[in-house]
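Here are my notes on the ligand site, for you to read alongside the structure.

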Amino acid sequence: MKVWLDGQLVDEGDACLSVFDHGVLYGDGVFEGIRAYGRKVFQCQAHIDRLFDSAKEIRLAIPYTKQELIEVTYETLAANDITDGYVRLVVTRGAGTLGLSPFKCPTPAVYIIADQIALYPPEMYEKGMAVIIAKTLRTSASMLKPSIKSLNYLNNILAKIEAIDAGVAEAIMLNAKGNVSECTGDNIFIVKDSGLLTPPAEAGILLGITRAVVLKLAGRLGLPVAEQNIRTEDLYEADECFLTGTAAEVISVTKIDGRTVGGGQPGPITQKLLESFRKFIRSDEA
Ligand code: PMP
């Protein structure tokens, strides 16, 4: 595998970071997870824009232009002969001293991995997945904004461990007000009385690019959509539930905390959106 690192394509084994990189020492950096479908980078501009927004929030100056990063993303896909795959674009704070100050790290490290990803097994997409509600709360925006896609994922990882301990693949995270925010690596939607509900930005979420596509597709399908706070009881009473994310794409949730959601199978609206999403990713608009 070829990895693009700081300006060049190198063999995977030669793609090395300093042990003094603050990305490693402190999770100080930002990243994007991006899909490629049919050699096209899905929602490319949206991902690059979010990367630069995240970097700006943490006062990290990316040493490339947006256009340069788009070009090298395509180069990395081509170097690995990937038609349909997954790209991980990472910008770390770079090597510094053994203190927290990011201002002692003169040069950010930038690297791109192009590979495959299968987050959940194929049968989960057919039958739906079980999730739990984690005890670990999502960090409040006043602590670390969930809208920043930073390398600091321990909050999510601790909730993911709860899910794995409970024998399920994902966990729903609540915010400090007890409202639903998102899952450890996906956004969440519920269907109630044929309308779609998803937590708003203020609930403390990563503004998912898949979420935005699904909201657009739902609008086109004429489905009523509301970005509003969701409580635990709304989850338990939902007719349908599904998750969205770059790696997950669109996946039905059929069990929450051991309780069956709706009819216990992927519901009709989830299926309609999934079908519409699958068409969209192969379209000129992708
Ligand atoms: N929330 C979190 C915490 C995530 O890490 C992700 C991405 N894996 C998402 C939501 C979904 O965002 P996107 O659709 O942009 O991949």
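**Notes on the ligand site**

1. Three elements each give at least two residues to the shell around the ligand: β9 (180-183), α6 (209-220) and β13 (240-245). Helices (H or I, at least four residues) and strands (E, at least two) are DSSP runs, numbered from the N terminus. Bear in mind that this is a predicted model: local features need pLDDT of at least 70, side-chain atom pairs count only at pLDDT 80 or more, and totals for chains, interfaces and linings use all residues. Residues are numbered from 1 along each chain as its sequence is written, and side-chain values use heavy atoms, with hydrogens and water left out.

2. There are 17 residues around the ligand (a heavy atom within 4 Å of it). Tyr-153, Glu-182, Ile-209, Thr-210 and Thr-246 come nearest. By type, the shell has 4 nonpolar, 9 polar and 4 charged residues.

3. Now the polar contacts (N or O atom pairs within 3.5 Å). Glu-182 puts a polar side-chain atom 2.6 Å from a ligand nitrogen, and Arg-50 has one 2.8 Å from a ligand oxygen. With Ile-209 the backbone is involved: one of its polar backbone atoms is 2.7 Å from an oxygen of the ligand. The protein covers 94% of the 390 Å² of accessible area that the ligand has on its own (Shrake-Rupley method, 1.4 Å probe).

Note on methods
Polar contact = N/O pair within 3.5 Å; in protein donor to acceptor, adjacent residues only side chain to side chain. Nonpolar A, V, L, I, M, F, W, Y, C, P; charged D, E, K, R; others polar.
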